[in-house]
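This report goes through one protein–DNA model, beginning with the contacts to the DNA and ending with unusual backbone geometry.

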Number of protein chains: 2
Amino acid sequence: MSKQQTEKEFLKAYNPNKYERPSVTADILVFTTIKDELYLLMIQRKSHPYKDCWAIPGGFVSMDETAKEAAIRELYEETSVKDVCLEQLYTFSKVDRDPRMRVISIAYIVMVPFEKLQFKSGDDAKNARLFLVKAQANNEFELVLKKKDKINAKCTTDFQKELDEKEEDFVLREKDLAFDHYEIIKMAIKRMRGKIKYSNIAFSFLNDLDDFTLTELRYIYDAINSQKADIGNFRRFIKREYEQKGFIVQNNSKRIERGRPATTYNWARERSLIFDE
Amino acid sequence: MSKQQTEKEFLKAYNPNKYERPSVTADILVFTTIKDELYLLMIQRKSHPYKDCWAIPGGFVSMDETAKEAAIRELYEETSVKDVCLEQLYTFSKVDRDPRMRVISIAYIVMVPFEKLQFKSGDDAKNARLFLVKAQANNEFELVLKKKDKINAKCTTDFQKELDEKEEDFVLREKDLAFDHYEIIKMAIKRMRGKIKYSNIAFSFLNDLDDFTLTELRYIYDAINSQKADIGNFRRFIKREYEQKGFIVQNNSKRIERGRPATTYNWARERSLIFDE
DNA sequence: GCAATAGTGTCTATAAGACACTATCCG
DNA sequence: CGGATAGTGTCTTATAGACACTATTGC
């Protein structure tokens, strides 16, 4: 090979199969909130390895798509959700994390309003469920499926029937999760808690950016932090950081449910600002 | 295939070569500080693609190492530096980022004291240089090689001779960098500026954790933020966040150079706390 | 009126920024 | 003494947390 080779010549002669290569997958952590609780979408594996264990959804990154595009595709396949923003969490590359072969996983966080989630729990190819994320000390957590909760009520799979007949809630702990998924989820929760302080990620959980109340928004903060914020201090914080700076504006209408009607707000800037890094 | 297959049988029958796979590389951003300026290690490519362009070092992740281990190995090969902490920055996966083939890069940031860097600039396989990171508005930047600076003085390559004969400094801008490396560096600078506020990453630039002055530490903050901190406010900040909490402790000896001798400090906790996430 | 929810006001402690001042070395 | 660098003090404003209070609805 001459040193005076042009780039074109070089590329023609280049053999891209010289080295063995790992598989690359995109994993997605689909979080949602209901009231002031945080939920995570998990699927039950129907095949080896970790058959019957619960895992976060994911799939191989194909040659003609970015990792993010793969995550978006997977997300759509699992939940019919489109047009959401994803945040890259971390890339996991332990050599033995998958017993089949070398797999490197790029994990993404996606935050979806519960109302937009059409998770395909009826799909008999696999069980998909929203697990309550029950925070414990030190960023540890449990994933809980409440007996006869309304959230996964539509599910009519064998698994659901079994669960309904049991005496207690169904609880997943570290050892019950497939692969290194406990570690991934733990990191995701930590990341969300970190980012909620200085970014607007909480707004990505709102069902309607044109019509939300400060209480709805506070519940989202409470869900992620798993603690109840002081009402007065929270309002002051949102008004200073978002209303005074023109990101959110009051609507004319009020939300009437029980108690005093609530002022509703709308996000006044480009929607793409939500969840921008 | 029977549904009653055991995991062992499954793994035996599994064919891991079903899908085409991308190559995976680990790229490292080696930052260092001199006085209150930030420098980045770049290498000049000796082969296609982007022959003669400047790039951040990197290499393929092999099948028996994690991405982080690959980064550590690369780092050692380039700079003889060992025992440093790396921070995973981001994984870049655009389909066409490398014209040879599909390459996904996991980028790592490493912060090294200048004194510990033995960068192999004499190695005639490639030029390696420390570029001054010259910040501009909006997280943009230029990489500058000053004519006849002392930092890269040991270099005797053809490139250096050429540079010495020129009239002006050698400046790299976005278009002068290989692949998507401008974007990567930009993100790295942003990340460091974000993390320096609430983490102890600045300490990882200190040459001697058992003997440093607050002025040395302030210079590191200035280098990353590319602005000069107020001396009094900075001291108050460090004393509150680090001395009062017992992370750093005053030494008995003083550092005597010019002017009033400076109190030296040492990091009093486990060293592994430096740069922990 | 009462339960329920929305929303305000106030007090305190802490933190961030601007900036003037003092201290201690060398030569 | 003066130049150089280290280190202190003070004033102002912004922010965070605790917590008591008022407002507006339906029934």
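A polar contact is a pair of N or O atoms within 3.5 Å. The side chain of Arg260(A) meets this cut-off with DNA strand C, since one of its N or O atoms is 3.1 Å from a base nitrogen of the strand. The model is predicted, and every distance below is computed from it.

**DNA strand C**

The protein surface around DNA strand C consists of 17 residues, and those that come nearest are Arg235(A), Thr263(A), Asp230(B), Asn233(B) and Arg240(B). Of the atoms of DNA strand C that come within 4 Å of the protein, 58% belong to sugar and phosphate. By class, the residues near DNA strand C are three nonpolar, six polar and eight charged. Three elements each supply at least two residues of this surface: α6 and β12 (262–267) of chain A, and α6 of chain B.

Besides Arg260(A), two further side chains can be named here. Thr263(A) places a polar side-chain atom 2.5 Å from a phosphate oxygen of DNA strand C. On chain B, a polar side-chain atom of Arg236(B) is 3.2 Å from a base oxygen of DNA strand C.

**DNA strand D**

DNA strand D is surrounded by 17 residues, the closest being Asp230(A), Asn233(A), Arg240(A), Arg235(B) and Thr263(B). Sugar and phosphate make up 57% of the atoms of DNA strand D that come within 4 Å of the protein. The surface near DNA strand D comprises three nonpolar, six polar and eight charged residues. The elements that each supply at least two of its residues are α6 (231–243) of chain A, together with α6 (231–243) and β12 (262–267) of chain B.

Three side chains of chain A have polar atoms close to atoms of DNA strand D. Asp230(A) has a polar side-chain atom 3.3 Å from a base nitrogen, and Asn233(A) has a side-chain N or O atom 2.9 Å from a base nitrogen. Arg240(A) instead faces the backbone, with a polar side-chain atom 2.6 Å from a phosphate oxygen of DNA strand D.

The table collects the side-chain distances to both strands.

| Residue | DNA strand | DNA atom | Distance |
|---|---|---|---|
| Arg260(A) | C | base nitrogen | 3.1 Å |
| Thr263(A) | C | phosphate oxygen | 2.5 Å |
| Arg236(B) | C | base oxygen | 3.2 Å |
| Asp230(A) | D | base nitrogen | 3.3 Å |
| Asn233(A) | D | base nitrogen | 2.9 Å |
| Arg240(A) | D | phosphate oxygen | 2.6 Å |

**Packing of α5 and α6 in chain A**

Helix α6(A), which supplies residues to the surface near DNA strand D, also packs against another helix of its chain. The axes of α5(A) (residues 214–225) and α6(A) come within 11 Å and cross at roughly 100°. Angles of 65 to 115 degrees count as roughly perpendicular, so α5(A) and α6(A) are roughly perpendicular to each other. From α5(A), the contact is made by Leu214(A), Leu217(A), Arg218(A) and Tyr221(A). From α6(A), the contributors are Ile231(A), Phe234(A), Arg235(A), Phe237(A), Ile238(A), Lys239(A) and Tyr242(A). By class, this contact of α5(A) with α6(A) has eight nonpolar, no polar and three charged residues.

**A buried glutamine**

Gln88(A) is in strand β5 (residues 86–92) of chain A. Is Gln88(A) buried or exposed? Buried means under 20% relative accessible area; Gln88(A) has 6% and is therefore buried. The side chain of Gln88(A) makes a polar contact of 3.4 Å with the side chain of Tyr108(A). Leaving aside residues up to four places away in sequence, Gln88(A) touches Ile106(A), Ala107(A), Tyr108(A) and Arg191(A), as well as Tyr90(B) and Thr91(B) from chain B.

**Backbone geometry**

Most residues other than glycine have a negative phi, and most peptide bonds are trans. The following cases depart from that pattern.

In chain A, the peptide bond from His48(A) to Pro49(A) is cis, with omega near -10°. Pro49(A) belongs to the loop between β2 (37–44) and β3 (54–55) of chain A. In chain B, the bond from His48(B) to Pro49(B) is cis, with omega near -10°, and Pro49(B) is found in the loop between β2 (37–44) and β3 (54–55) of that chain.

Asn139(B), not a glycine, has a positive phi of about 65°. Asn139(B) sits in the loop between β7 (127–135) and β8 (141–145) of chain B and is partly exposed, at a relative accessible area of 26%. Ser226(B) has a positive phi near 40°. Ser226(B) lies in the loop between α5 (214–225) and α6 of chain B, and with a relative accessible area of 40% it is partly exposed.

Definitions and conventions. Residues numbered from 1 in each chain as written. Chains lettered and ligands numbered in written order. Predicted model: local features only at pLDDT ≥ 70, side-chain atom pairs only at ≥ 80, totals over all residues. Heavy atoms only, no water. Near = heavy atom within 4 Å. Polar contact = N/O pair within 3.5 Å; in protein donor to acceptor, adjacent residues only side chain to side chain. Helix = DSSP H or I, 4+ residues; strand = E, 2+ residues; numbered from the N terminus. Nonpolar A, V, L, I, M, F, W, Y, C, P; charged D, E, K, R; others polar. Axes fitted to C-alpha atoms, helices over the stretch in contact; angles between N-to-C directions. Parallel < 35°, antiparallel > 145°, perpendicular 65-115°, else oblique. Contact = heavy atoms within 4.5 Å. Buried < 20%, exposed > 50% of the residue type's maximum accessible area, 1.4 Å probe, protein only.
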